[in-house]
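Colleague: Could you take me through the nonpolar interior of this model, and then through the charged side chains that pair elsewhere in it? I would like a connected account rather than a list.

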Amino acid sequence: MFTSRRTFADGRNQGNKMKNQNDKTRKTVEAEAKKEARAKQAEAKRQATIKKAKEEAKEAQRVADETAKAEAKKQKEAEAKAKQEAKEAKENRAIEEANKQARELADEEQALLSKGADVVIATFFESSEAMGKESRTATLTMKLAWKNPEEIGQPLIQEANEKLATLGGNTLKRFKSEIRATQRLFNKKEIQDELLGEDRESRVYFGMGKKPMLNDGLIEESQVNQYLFCEIPVDPEPEQELEDLSEIIGDWIEKMREEIPCTNPNEVQIEFLRETFKNSIDTIKAEQERFKL
C-alpha cells in the first residue's frame, strides 16, 4: 500500500517536471520567435531606411542633374548670345570701315577730279610707271576715265594710242607692260562691281581691241590693236586662253619694284637681278629655238 502511494507521487512529480520543461521550452521558443520577429522588424526598418535614403539620393541627383542641365543650357545660350553680339559688332565695324573707305575714296576721286582732266590723265601714266605703291592711284584714274568718258576717258585713250604709235624698242615694251598691269587691277571684281553693280552681266574692258571683239560687233575695225574702253559681256564659261608671258613677267617686275628700289639697290640686289635676267633671257632663247621661232 505504501509502495503504491509512493509510485503515484513519483509519477505526479515526473508529470510536473515535464510540464515545467514544456513551459520552459515554450517560453524559449516564444522568446526566440519574438527575438527573430524583432530582428526581422529591425531589418525591415533598416531596409526601409536604406531604400528611403537611396530614393532621396536619387531625387537629389535628379534635381542636381536638372539644375546642371539648366545651368549648362543657360551658359550655352549666354555664349551663343555673346558670340552673335560679337559677330554683329564685327560686321558693324566692317560696314563702318567699308563706308569710311568709300567716303575717303569718293573724296579722293573728287579731289583728283577737281584738278582737271589733264592732271588726271597725267596722273594715270605716272602711276602706271610706278605701279606697286601707286596701283591705287592708277585704278582711281581709270575709274574716273570710265565715269567721265568725254572729259577724261577719250583723251586718255588718245594719249595711250599716241604713245603706242610713237614709242619704240624697250620703251614701248615697258609701256605695254605697264598698261597690262593696270588692266589686271581694273579687272578685279570689286572694281567692276563698283562700276556696273554686283548683278552685272557685263564688265568694263580697258586694253587693246582684239579681232574676236570685232567679230562679235563690240568694236569697230579701226579699234583693233588700239587701246580703248568698252563694255563687254561676261562669259559664264570663258574659253581657256593661253597665258601671256609678258603678263607673267609684268607681274614679276611689279613685285620687284615693290621690293627693290630702282634708284639705289644694294650689291646683293643688283647681283640677283643680273643673274635672274641672264637666266631668264637664256631660257627664253632656248624655248624660241625649240619652237623654231
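Modeller: What follows begins with the core, passes through its aromatic rings and ends with the charged pairs. Please keep in mind throughout that this is a predicted model.

The largest nonpolar core comprises 23 residues, and within it Phe186 and Phe206 have the most contacts. The elements that give two or more residues to this core are helix H2 (117-130), helix H3 (135-147), helix H4 (149-166), helix H5 (169-186), helix H6 (189-196), strand S1 (202-208) and strand S2 (227-233). There is also a second, separate core of eight residues, and Met213, Val224, Leu228 and Cys230 are among them. As a general background, nonpolar side chains in soluble globular proteins tend to be buried together.

Phe206 is a convenient place from which to look around. Its relative accessible area is 1%, and the residue is therefore buried, the limit being under 20%. When neighbours within four places in sequence are left aside, the residues in contact with Phe206 are Phe124, Met142, Leu156, Ile157, Ile179, Thr182, Gln183, Phe186, Leu228 and Phe229.

The aromatic rings can be followed from here. The structure has five aromatic pairs, and in one of these Phe175 and Tyr227 meet edge-to-face, with 6.1 Å centre to centre and 85 degrees between the planes. Because Phe175 belongs to helix H5 and Tyr227 to strand S2, this pair ties together parts that are 52 residues apart in sequence. Both partners are buried, Phe175 at 6% relative accessibility and Tyr227 with a relative accessible area of 5%. The rings of Phe206 and Phe229 have centres 4.9 Å apart and planes at 35 degrees, so that this pair is classed as tilted. Here Phe206 lies in strand S1 and Phe229 in strand S2, and the pair therefore ties together parts that are 23 residues apart in sequence. Phe229 counts as buried at 17% relative accessibility. Ring pairs link Phe175, Tyr227, Phe206 and Phe229, together with Trp146, into a cluster. A ring is also involved in a contact with a charge, since the charged end of Arg290 sits over the ring of Phe291, 4.6 Å from its centre.

Turning to the charged pairs, side chains of opposite charge can pair when their charged atoms come close. The structure holds 11 salt bridges. One of them joins Lys143 to Glu194, with the closest N and O atoms 3.0 Å apart, and this pair links distant parts of the chain, Lys143 being in helix H3 and Glu194 in helix H6, 51 residues apart. Lys143 is buried, with a relative accessible area of 2%, whereas Glu194 is partly exposed at 37%. Salt bridges that share partners also join Glu59, Arg62 and Glu66 into one network. In this network the closest N and O atoms are 2.5 Å apart for Glu59 and Arg62, and 2.7 Å apart for Arg62 and Glu66. Glu59 and Arg62 are separated by about one helical turn, because they stand three residues apart in helix H1 (residues 2-113); Arg62 and Glu66, four residues apart in helix H1, are likewise separated by about one helical turn. Each member of the network is partly exposed, Glu59 with a relative accessible area of 38%, Arg62 at 37% and Glu66 with 45%.

How values were computed. Residues numbered from 1 in each chain as written. Predicted model: local features only at pLDDT ≥ 70, side-chain atom pairs only at ≥ 80, totals over all residues. Heavy atoms only, no water. Core = buried A, V, L, I, M, F, W, Y, C linked by side-chain atoms within 4.5 Å. Buried < 20%, exposed > 50% of the residue type's maximum accessible area, 1.4 Å probe, protein only. Contact = heavy atoms within 4.5 Å. Phe/Tyr/Trp six-rings, centres within 6.5 Å; stacked < 30°, edge-to-face > 60°. Lys NZ or Arg CZ within 6 Å of the ring centre and 35° of its normal. Salt bridge = Lys/Arg side-chain N within 4 Å of Asp/Glu carboxyl O.
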